[in-house]
Amino acid sequence: MLRQVQEGLRRETAKKLRFVPGIIYVDEGAVCGQSPAEREETLLQMEAILRASGFPYHLARLEEVFDLPGSVLQRGPHRPAGPGASYKEAVESFIHQHRQAEGGAPERLAELSTRAMPGAETPGGRGARPLAAARTEQLLQLFGSVKTLTAKEELLQALRTHLILHTARAQGYSKVLMGDSCTRLAVKLLTNLSLGRGASLAMDTGFSDDRHGDVLVVRPMREYSAKEIAFYNRLFGVPTVLTPALDTRAPEKASIHRVIERFLYGLQAEFPSTVSTVYRTGEKLSAAPGDAGPAPGAAEPERCLLCLCTLDTNVEEGSALQAILVSEQLSGERPPAASPAGPGACAGAAEQRGCCTHATAPRADFLPLLCYGCRLTIKDTACLESLPPYVRSEAARRSRRAAMKQQIQEFLLEDDAVTPGES
Amino acid sequence: MAAPMSLVVEFGGGAELLFDGIKKHQVTLPCQPEPWDIRNLLKWIKQNLLKERPELFIQGDTVRPGILVLINDADWELMGELDYKLQNQDNVVFISTLHGG
């Protein structure tokens with residue numbers, strides 16, 4: 001993707017891309033079992049490539065997740081599409097700005113790079129080495145408390161997204177370009193379906209993802225299959241750095257991601273149109289108009305704590321989710337002290353779990369804030385205290401607000417549009 | 001009768017992790033009665049070069065789906081896949097496009 005952007009920004013290109021890019025690399029070596037020496041080496045290699053590209057770059061370590069503010073989990077103010085200016089005018093103004101800065105452009109880029117370097121290496125001016133070790137311990141503890149590889153991968157993705165989002169907001173970027181290829185997106189589509197994230201499928205695999213409000217996540221490479229990209233890299237000699245991932249050399253059935261990947265690639269070998277069929281079907285999904293932005297006057301739909309998609313769990317009786325919760329209750333080891341009247345008490349079920357075992361009381365507060373897919377990830381996490389502080393503080397804040405809202409419920413004037421059985 | 005052949009075998013995209021991290025191998029295939037083709041080459045690689053986890057590279061008779069094979073920078077599907085007869089000084093590249101090795 002980097003090479004393509006470089007090509008697009010060169011002067012000779014007919015339809016030049018009109019934005020100023022920066023690059024971020026997130027170092028996840030600690031989670032993937034790399035030794036510090038290996039991580040340093042990988043970082044050096046990455047830096048060489050990033051510096052050669054000439055764009056401002058940021059190196060972030062996954063450990064910095066523990067220093068993120070709680071605002072990462074809040075949807076930013078939705079930037080309006082544009083003050084009505086036409087496309088041509090916008091392009092003209094951009095070129096004008098660019099030309100003014102053109103004289104000092106090379107120095108400016110170099111400045112940004114060197115500024116980004118100390119920013120990444122010593123966050124907040126603290127000494128990098130000793131703090132990094134403590135954070136690495138915390139990170140390893142967090143991932144150690146997650147029982148399944150599937151949940152680990154999901155958690156890693158969520159944390160990585162938060163880190164990238166925070167960096168984008170801090171540095172003033174309005175869009176993030178991800179390099180997911182067609183093949184990867186097809187795998188992701190089926191994996192999300194298997195993990196219960198079907199409700200947010202359109203946003204997870206679509207071209208643009210605006211769940212964060214102010215930062216738009218865009219996937220420009222979704223038309224290229226992995227095979228094409230591999231050939232491109234080989235034939236054009238694009239420099240690559242290899243880093244082991246969480247599931248490198250894992251056995252085939254270690255996680256849902258691996259199973260789906262194997263399934264899809266296996267099918268693709270026999271029926272070469274598999275991946276593109278899955279991709280095209282996914283393309284037909286589009287985000288519901290309600291997700292585009294809050295309609296004036298209506299309440300903002302509640303969002304999941306971790307993945308920021310609209311919560312799909314506040315649904316009426318008779319839905320599949322209620323059926324799952326009821327069957328969980330009925331097949332649980334401890335018979336509930338007082339069974340609820342019927343399947344219409346989602347909050348009741350949460351309290352049941354809470355009063356049965358004290359240890360899960362904080363978990364019971366946590367779960368209603370999450371969408372179904374994230375709930376499964378958290379259920380596989382043994383120790384909730386090892387989650388990064390921003391997650392816990394944001395969860396506590398939301399629980400308090402929900403409790404407060406419940407207390408003052410009778411005094412609130414509600415719109416007719418709000419359904420009565422909501423809280 | 002096949003004369004001993006020297007080839008350059010390269011691995012990319014993560015496949016080199018199974019071969020001690022070495023990306024480029026200069027190999028010399030010994031003399032043998034049948035002519036060398038990709039099928040035999042794969043068996044030879046499995047016996048001589050592959051250090052661990054053969055199931056991550058080879059599946060049955062052929063490579064695992066998801067591993068691309070390029071012969072002289074051309075897709076092997078154009079050259080006859082497993083039946084392509086190797087020539088001296090050929091360049092065979094195995095690129096893994098899989099997520100986990």
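# Exercises on a two-chain predicted model

Of the 423 residues in chain A, 38% are buried, where buried means under 20% relative accessible area, exposed means over 50%, and partly exposed lies in between (1.4 Å probe, protein chains only). This is a predicted model, in which local features need pLDDT of at least 70 and side-chain atom pairs count only at pLDDT 80 or more, while totals for chains, interfaces and linings use all residues. Residues are numbered from 1 along each chain as its sequence is written, chains are lettered from A and ligands numbered from 1 in the order in which they are written, and side-chain values use heavy atoms, with hydrogens and water left out.

## Exercise 1: Chain A as a whole

Describe the secondary structure, the contacts and the surface of chain A.

Step 1. Chain A has 16 helices and five strands; helices (H or I, at least four residues) and strands (E, at least two) are DSSP runs, numbered from the N terminus.

Step 2. Taking the contacts in chain A between residues at least 6 apart in sequence, 71% join residues at least 24 apart, a contact being heavy atoms within 4.5 Å.

Step 3. The accessible surface of chain A is about 23,400 Å², and carbon and sulfur atoms account for 58% of that area; such areas come from the Shrake-Rupley method with a 1.4 Å probe, and for residues only the protein chains shown count as cover.

## Exercise 2: Salt bridges and the surroundings of Cys374(A)

Find which parts of chain A are tied together by the salt bridges of Glu154(A) and Arg222(A), and place Cys374(A) in relation to Arg197(A).

Step 1. The structure holds 13 salt bridges over all chains, a salt bridge being a side-chain nitrogen of Lys or Arg within 4 Å of a carboxyl oxygen of Asp or Glu.

Step 2. In one of them Glu154(A) pairs with Arg197(A), with 2.9 Å between the closest N and O atoms. Because Glu154(A) lies in helix α6 (residues 149-171) of chain A and Arg197(A) in the loop between α7 (182-194) and α8 (201-205) of chain A, the pair ties together parts that are 43 residues apart in sequence. Glu154(A) is buried at a relative accessible area of 7%, and Arg197(A) is buried at 8%.

Step 3. Arg197(A) is also touched by Cys374(A), whose contacts, not counting residues up to four places away in sequence, further include Cys304(A), Leu306(A) and Cys307(A). Cys374(A) sits in helix α15 (residues 372-379) of chain A and is buried, with a relative accessible area of 3%.

Step 4. The side chains of Arg222(A) and Glu283(A) meet in a salt bridge of 3.9 Å, N to O. Since Arg222(A) lies in the loop between β5 (216-218) and α9 (226-235) of chain A, and Glu283(A) in helix α11 (residues 274-283) of chain A, this pair ties together parts that are 61 residues apart in sequence. Arg222(A) is buried, with a relative accessible area of 7%, whereas Glu283(A) is partly exposed at 34%; together with Arg280(A), these two residues are linked in a network of salt bridges.

## Exercise 3: The interface of chain B and chain A

Work out how many residues of chain B are in contact with chain A, and which elements and residue classes make up the side of chain B that touches chain A.

Step 1. On chain B, 24 residues are in contact with 18 residues of chain A. The area buried between the two chains is about 2,000 Å², with 56% given by carbon and sulfur atoms; buried area is the accessible area (1.4 Å probe) that two parts lose on being put together, summed over both.

Step 2. The rule finds two salt bridges across this interface, and Lys227(A) and Asp75(B) meet through their side chains in a salt bridge of 3.0 Å, N to O.

Step 3. On the side of chain B that touches chain A, the elements giving two or more residues are β5 (67-71) and β7 (91-96) of chain B, and β7(B) gives the most, with three residues.

Step 4. By class, that side of chain B has eight nonpolar, eight polar and eight charged residues, where Ala, Val, Leu, Ile, Met, Phe, Trp, Tyr, Cys and Pro count as nonpolar, Asp, Glu, Lys and Arg as charged, and the others, Gly among them, as polar.
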